[in-house]
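Q: Please take a close look at how the helices of this model pack against one another. I should like one connected account rather than a list.

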Amino acid sequence: MDFERLEVWKRSARLSADLYRHFTGSRDFGFKDQITRSGLSVPCNIAEGMTRHSAKDRIKFLYIAKGSCAELRTQIYIGMEIGYIEREKGCLWVAETKEIAAMLTGLIRKQSDFIPD
């Protein structure tokens, strides 16, 4: 399957773009770099995983994407706590990361069906 057709890839790529736009003017380069990198990692690992030939490889990259999603969620919470992210926007992003993580879990389960017993 082409990764571009996956809703989880589309949503994670859109979230990553939102993060980049939000932090464009940020002067805290360390935080900006970290949160945009973890956000970018999610759709990139989905794309890389879905182009792999074996189900085990696909699953490996999907788990990496899921881990990056948890990392991103943590950074959003911290960003809200220190005033870099408005609470309303942060809560929307947290909800989106939770939905993306759930979608990744479903995709991982689906890929597991292709692993021989």
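A: The following account takes the helix pairs in turn, then the nonpolar core, and then two individual residues.

The model is a predicted one. Two packed helices are described by the angle between their axes and the distance between the axes. For helix α2, residues 29-50, and helix α3, residues 55-81, the packing angle is about 160° and the axes lie 8 Å apart. Angles over 145 degrees count as roughly antiparallel, and α2 and α3 are therefore roughly antiparallel to each other. Their crossing is left-handed. The contact of α2 with α3 draws on 13 nonpolar, 9 polar and 3 charged residues.

One residue of α2 deserves separate mention. S38 is found in this helix, and it counts as buried because its relative accessibility is 3%, where the cut-off for buried is under 20%. Apart from neighbours within four places in sequence, S38 is in contact with S68, E71, L72 and Q75.

The second pair consists of α1 and α4. The axes of α1 and α4 come within 10 Å and cross at roughly 150°, so α1 and α4 are likewise roughly antiparallel to each other. The crossing of α1 and α4 is left-handed. From α1, the contact is made by E7, V8, R11, S12, L15, D18, L19 and H22; from α4, it is made by K89, W93, E96, T97, E99, I100, M103, L104 and L107. By residue class, the contact of α1 with α4 divides into 8 nonpolar, 3 polar and 6 charged residues.

The nonpolar core comes next. In soluble globular proteins, nonpolar side chains tend to be buried together. The largest nonpolar core in this model has 27 residues, and the members that touch the most others are I35, I46 and I76. Helices α1 (7-22), α2, α3 and α4 (87-112) are the elements that give two or more residues to this core. For I76, once neighbours within four places in sequence are left aside, the contacts are I35, I85, G90, W93, V94 and T97. I35 is thus both a contact of I76 and, with I76 itself, among the members of the core that touch the most others. W93 and T97, also contacts of I76, belong to the α4 side of the contact with α1.

Finally, K110 lies in helix α4. Its relative accessibility is 49%, and K110 therefore counts as partly exposed. K110 and Y84 are 26 residues apart along the chain, and their C-alpha atoms are separated by 37 Å.

Key. Residues numbered from 1 in each chain as written. Predicted model: local features only at pLDDT ≥ 70, side-chain atom pairs only at ≥ 80, totals over all residues. Heavy atoms only, no water. Axes fitted to C-alpha atoms, helices over the stretch in contact; angles between N-to-C directions. Helix = DSSP H or I, 4+ residues; strand = E, 2+ residues; numbered from the N terminus. Parallel < 35°, antiparallel > 145°, perpendicular 65-115°, else oblique. Left-handed = near helix turned anticlockwise from the far one by under 90°. Nonpolar A, V, L, I, M, F, W, Y, C, P; charged D, E, K, R; others polar. Core = buried A, V, L, I, M, F, W, Y, C linked by side-chain atoms within 4.5 Å. Buried < 20%, exposed > 50% of the residue type's maximum accessible area, 1.4 Å probe, protein only. Contact = heavy atoms within 4.5 Å.
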